[in-house]
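Please open the model in a viewer and keep the selection tool at hand. The stops below indicate what to select and what is to be found there.

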Amino acid sequence: MNGKLSWKSKLSFGMGAFGKDMVYAIVSTFLMKYLTDVRLVDPAFVGVLFMAARIWDAFNDPFMGMVVDNTRSKWGKFRPWILIGTILNAGVLILLYLDVDLPATQYAIYVAIMYVLWGMTYTIMDIPYWSMVPALTDNENERSQVSAIPRFFASMAWLVVGSGGLYIVKYAGNGDQILGFSRFSIGVALIFIVTILLTVFNTKERVVATVGTGEKTTVKQMIKVLVKNDQVIVIMLIALLFNVGYQLANSFALYYFEYVCGVKENLFAAYTGVAGFAQMGALALFPVISQKINKKVIFATASLLPVIGFALLLLVGYVAPTSILLVGLCSVIVNIGIGFMLVLITVILSEVVDYGEYKLHTRNESILFSTQTFVVKFAGAFSGLISGVGLKAIGFEANQVQGAGTVAGMRIIMIVIPAILSLLCLVVYKKGYKLNDEFYHHVLAVLRGEKKEEIETK
């Protein structure tokens, strides 16, 4: 068993998530609204672009995982790619929001290219970052902390961008939204680089494969790792359902509060601000709760709380749509569940890595964790398509008062669909996931025995 990690290592790893999720948040939360309402790009085009780019990017993820798993350097196999991807992605982010003066068609082509490049460069950094989690420690309690801390910082990043983003844009651009977003993106890019440098210089991998450490991973082996590990499809389906609902609600919130509730900045800032605090609270409590409460119970709680919260938000939208207090309360309920689910998915995927080594005798963190980024991208594709094409289908017109049918459609997109998807996560978990308690402890015992034997034979 590996010893405990220092708090310096844990916090440095977590700080990387703060920077990278600020980048993801400024794109996920604001880019569609920026393109449709500020740049006046056709929403259907944006929706199709988001889906096509994410699908293209998603299929690249397992191959990036293979590249990382095949990397050998004095810095390990993760940190070089984390640093390279960060620098590239920070530059593309600035170009994505750059104040360029182009005709409508040329601008649409420009932003499409930048968006595709943004996703690809984010992959270069994101896959090795999360792949480091099972490589940092194999201690269950430590792994719960290592999984929760970056999620905590990530939620903090979403809090800053979500609750303060519109105000930052307004101040930075002095009323000019295009200039404001451009300057905001530059600030986020700089923070991204600084926080990732802390991760790169203050963490290192400590858990390595018990067998096959000198072997290169081939495409054939990559496919075997993904197909033969029967728990991969279970966690991928859970992560897909969760992320489609989560990203859909996040990306659609600006439209919902402006066009359904009639208030944009105050309600959106309250909803996202409270969401950040609720998620951080859940993430901070998770390591303690996970030692006292069965994982099945925590998972059920994480799945059902968003269902309850969204149901209440739907009701509030009819009886008191402008109430900051009630909207904030709904956000707390939804996002406590989301906070638990964020860390649960990381913990479960780390367990799937261990199970893969137990079953296939090869440890492929990056290939298996690439499934997480693959699913997040795929979820982004579907949520972007639902948002963009959905807006077109329900008759949305930018900067206009919406009709009753459009408002009803917005409620379905923002509330009903995410609630159903959250409930389906619990169904898949109960029917498909088997790495609970006794069996998982058996897996760890076998792996630790192999490690001890390997050391003794050297």
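Select Phe181, which is placed in helix H7, in what is a predicted model. Its relative accessible area is 3%, so Phe181 is buried. Now display the residues around this side chain. Apart from neighbours within four places in sequence, Phe181 is in contact with Phe30, Tyr34, Tyr97 and Val169. One of these partners, Val169, may be checked with a distance label: the two C-alpha atoms lie 5.4 Å apart in space, while 12 residues separate Phe181 and Val169 in sequence.

Move next to the loop that joins helix H6 (140-172) to helix H7 (177-202), and select Asn174 there. Is Asn174 buried or exposed? With a relative accessible area of 72%, Asn174 counts as exposed. A backbone torsion display will show a positive phi of about 50° at Asn174, although this residue is not a glycine.

A second residue with a positive phi can be selected in the loop between H1 and helix H2 (43-69): this is Leu40. The phi of Leu40 is about 60°, and Leu40 is not a glycine either. The relative accessible area of Leu40 is 61%, and therefore Leu40 is exposed.

Return to helix H6 and select Gly162. Gly162 has a relative accessible area of 3%, which means that it is buried. Which residues does Gly162 contact, leaving aside its neighbours within four places in sequence? They are Phe268 and Thr272. A C-alpha to C-alpha label between Gly162 and Phe268 should read 7.8 Å, across a separation of 106 residues in sequence.

Now select Ser9, in helix H1. Ser9 is buried, with a relative accessible area of 19%; the cut-off for this class is under 20%. Not counting residues up to four places away in sequence, Ser9 touches Asn202 and Thr203.

Remain with H1 and consider how this helix packs. Two packed helices are described by the angle between their axes and the distance between the axes. Show H1 (residues 7-38) together with helix H9 (residues 231-260): the axes are 9 Å apart and the packing angle is about 45°. H1 is therefore oblique to H9. The crossing in which H1 passes H9 is right-handed. To see the contact itself, select Tyr24, Ser28, Thr29, Phe30, Met32, Lys33, Thr36 and Asp37 on the H1 side. On the H9 side, add Gln247, Ser251, Leu254, Tyr255, Glu258 and Tyr259. Colouring this selection by residue class gives six nonpolar, five polar and three charged residues.

Hide H9 and bring up helix H3 (residues 79-96) beside H1. These two helices pack at an angle of about 25°, with 11 Å between their axes. H1 and H3 are therefore roughly parallel to each other, an angle under 35 degrees being the cut-off for that description. What is the handedness of the crossing of H1 and H3? This crossing is left-handed. Select Val23, Ile26, Val27 and Leu31 in H1, which meet Asn89, Leu93 and Leu96 in H3. Coloured by class, the contact of H1 with H3 shows six nonpolar residues, one polar residue and no charged residues.

The last stop concerns the cysteines. A disulfide is a covalent bond between the sulfur atoms of two cysteines. How many disulfides does the structure hold? It holds zero. Select Cys261, which is in no disulfide; the nearest cysteine sulfur is that of Cys330, at 10 Å. Cys261 counts as buried because its relative accessibility is 9%. Then select Cys330, which is also buried, with a relative accessible area of 3%. Why is there no bond between them? The closest cysteine sulfur to that of Cys330 is in Cys261, and 10 Å is too far for a bond; a disulfide requires the two sulfur atoms to be within 2.5 Å.

How values were computed. Residues numbered from 1 in each chain as written. Predicted model: local features only at pLDDT ≥ 70, side-chain atom pairs only at ≥ 80, totals over all residues. Heavy atoms only, no water. Axes fitted to C-alpha atoms, helices over the stretch in contact; angles between N-to-C directions. Helix = DSSP H or I, 4+ residues; strand = E, 2+ residues; numbered from the N terminus. Parallel < 35°, antiparallel > 145°, perpendicular 65-115°, else oblique. Left-handed = near helix turned anticlockwise from the far one by under 90°. Contact = heavy atoms within 4.5 Å. Nonpolar A, V, L, I, M, F, W, Y, C, P; charged D, E, K, R; others polar. Buried < 20%, exposed > 50% of the residue type's maximum accessible area, 1.4 Å probe, protein only.
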